[in-house]
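This report goes through selected local features of one protein chain, residue by residue and then by group. The structure comes first.

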Amino acid sequence: MPEPENAFDELAGVPVHYDRAPNAGYGTRGIAYTFHSTEPFEDTLHAAVEELWAVCPLGPAEVLTSAGAYVDKGGMHGAGRAFDIDGIFWADKAFVANRYPSDRAFYLAVEAVLRKHFGTVLNYKFDAAHQDHFHVSGRGEPGFVAAHESRVTYWQMALTHLFDRPVTVDGLTGPETNRASRALLRERGVAEADEMATEAGLHRVLDRAWSDLLDAAREQGFRDMADATKKTPLHLLEALYATVSDELAGQASRKTIESAVTTFAQHPKTDAWLDQFRTDS
């Protein structure tokens, strides 16, 4: 379709910048830009971002960066009903999508808000092409759909990193994910065991409670962000080991990187410096 006449350069009072080559750099605040989309899709974007500013402890951002909205090609971008979010910049925090491994809780909290408004959100774990941005589109309505890989992937990430119920993140529902889901839903008083006895019943409960579960994920993710300011370097070192283990599982480079981190941590001067935090950890 031709480029929509509807255009925007801000969302919920915050400038939206373009941060891709050749005129800007990914991970920066980018440059002022005018984006095009259908008017209903812009309204949905506005509602999502407005909610994010309202619930995020940091409040409204200073800049939101994007790789684009309407693009002259097929798919939802070509229909003017898709938008890519690269980063969000506050005075005291720079959120950049490809930093997910080191900023999981905040990333998943932001995504929880997006998922309340969009049926499709493609994230860091969906595939390699989306590791540097959230792709949101007007395809489908919000909710839990067991056959949708992107929705299941997010739910598995939330179970693992926000609700302390680790599962394999593969985008497929199965016994492991279903057990963790049932346990969490019972714990939160969402449903009784008999209502979730079958897989279909469990998935109906997840869909019915989806908005509330996203709110809980968002609350936990932003709470973890606040708690991070209280962590000592020892806690951060432990988190680094966990990130390497998770992100490089099955890769030959994992042991090399773990060895390099250990060499640094066990250097006499590093070890002596860490001693001051050991009684507090």
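Is D132 buried, partly exposed or exposed, going by its relative accessibility? The model is a predicted one, and in it D132 has a relative accessibility of 23%, so this residue counts as partly exposed. The value lies between the limits used here, since buried means under 20% relative accessible area and exposed means over 50%.

D132 is located in the loop between β9 (120–122) and β10. Apart from neighbours within four places in sequence, the residues in contact with D132 are R20, Y26, D86, A97 and N98. V63 is 69 residues away from D132 along the chain, and the two C-alpha atoms are separated by 17 Å.

**Residues compared by accessibility**

The table lists further residues with their location and relative accessible area.

| Residue | Location | Relative accessible area | Class |
|---|---|---|---|
| H17 | strand β3 (residues 14–18) | 15% | buried |
| G59 | loop between α1 and β6 (63–68) | 12% | buried |
| T44 | helix α1 | 26% | partly exposed |
| D164 | loop between α4 and α5 (175–187) | 67% | exposed |

H17 counts as buried because its relative accessible area is 15%, and buried means under 20%. Not counting residues up to four places away in sequence, H17 touches R29, G30, I31, A32, F35, V63, L64, T65 and S66. V63, one of these contacts of H17, is also the residue whose C-alpha atom is separated by 17 Å from that of D132.

G59, in the loop between α1 and β6, is in contact with W53 and W90 once its neighbours within four places in sequence are left aside. From G59 to P101 there are 42 residues in sequence and 23 Å in space, C-alpha to C-alpha.

**Aromatic residues**

Both tryptophans that G59 contacts, W53 and W90, belong to one aromatic cluster. The cluster is formed by W53, W90, F95, Y100, F106, Y107, Y124, F134 and F222. One of its members, F106, has the charged end of K93 over its ring, 4.6 Å from the ring centre.

How many aromatic pairs does the count give? The count comes to 18 aromatic pairs. In the pair of F144 and W210, the ring centres are 5.5 Å apart and the planes are at 55°, so the pair is tilted. The angle limits explain that label, because planes under 30 degrees apart count as stacked and those over 60 as edge-to-face. This pair links distant parts of the chain, with F144 in the loop between β10 (134–137) and α4 (149–161) and W210 in helix α7 (residues 210–228), 66 residues apart. F144 and W210 are both buried.

**The second largest pocket**

The volume of the second largest pocket is about 150 Å³. Its lining consists of P40, F41, T44, R81, H117, F118, G119, S137, G138, G140, E141 and P142. Which helix supplies the largest share of this lining? Helix α1 (residues 39–55) does, with three residues. By class, the lining has four nonpolar, six polar and two charged residues.

T44 is among the lining residues and lies in helix α1. With a relative accessible area of 26%, T44 is partly exposed. Leaving aside neighbours within four places in sequence, T44 is in contact with H117 and F118, and these two residues also line the second largest pocket. T44 and L274 are 230 residues apart along the chain, and their C-alpha atoms are separated by 48 Å.

**Backbone geometry**

Most residues other than glycine have a negative phi, and most peptide bonds are trans. The following residues depart from that pattern.

A12 has a positive phi, near 50°, and is placed in the loop between β2 (10–11) and β3. At 19% relative accessibility, A12 counts as buried. D164 also has a positive phi, near 55°, but D164 is exposed, with a relative accessible area of 67%.

The peptide bond that joins A21 and P22 is cis, with omega of about 5°. P22 is in the loop between β3 and β4 (31–32).

How values were computed
Residues are numbered from 1 along each chain as its sequence is written. This is a predicted model: local features need pLDDT of at least 70, side-chain atom pairs count only at pLDDT 80 or more; totals for chains, interfaces and linings use all residues. Side-chain values use heavy atoms; hydrogens and water are left out. Helices (H or I, at least four residues) and strands (E, at least two) are DSSP runs, numbered from the N terminus. Buried means under 20% relative accessible area, exposed over 50%, partly exposed in between (1.4 Å probe, protein chains only). Contact means heavy atoms within 4.5 Å. Rings of Phe, Tyr and Trp (its six-membered ring) pair if their centres lie within 6.5 Å; planes under 30 degrees apart count as stacked, over 60 as edge-to-face and the rest as tilted. A charge sits over a ring if NZ of Lys or CZ of Arg is within 6 Å of the ring centre and within 35 degrees of the ring normal. On a 1 Å grid over the protein atoms alone, a cavity is a set of points where a 1.4 Å probe fits but cannot get out, and a pocket is an open set with protein on both sides within 12 Å along at least five of seven lines; lining residues have an atom within 4 Å of a point. Grid points are joined across faces, edges and corners, and a volume is the space filled by probe spheres set on the points. Ala, Val, Leu, Ile, Met, Phe, Trp, Tyr, Cys and Pro count as nonpolar, Asp, Glu, Lys and Arg as charged, and the others, Gly among them, as polar.
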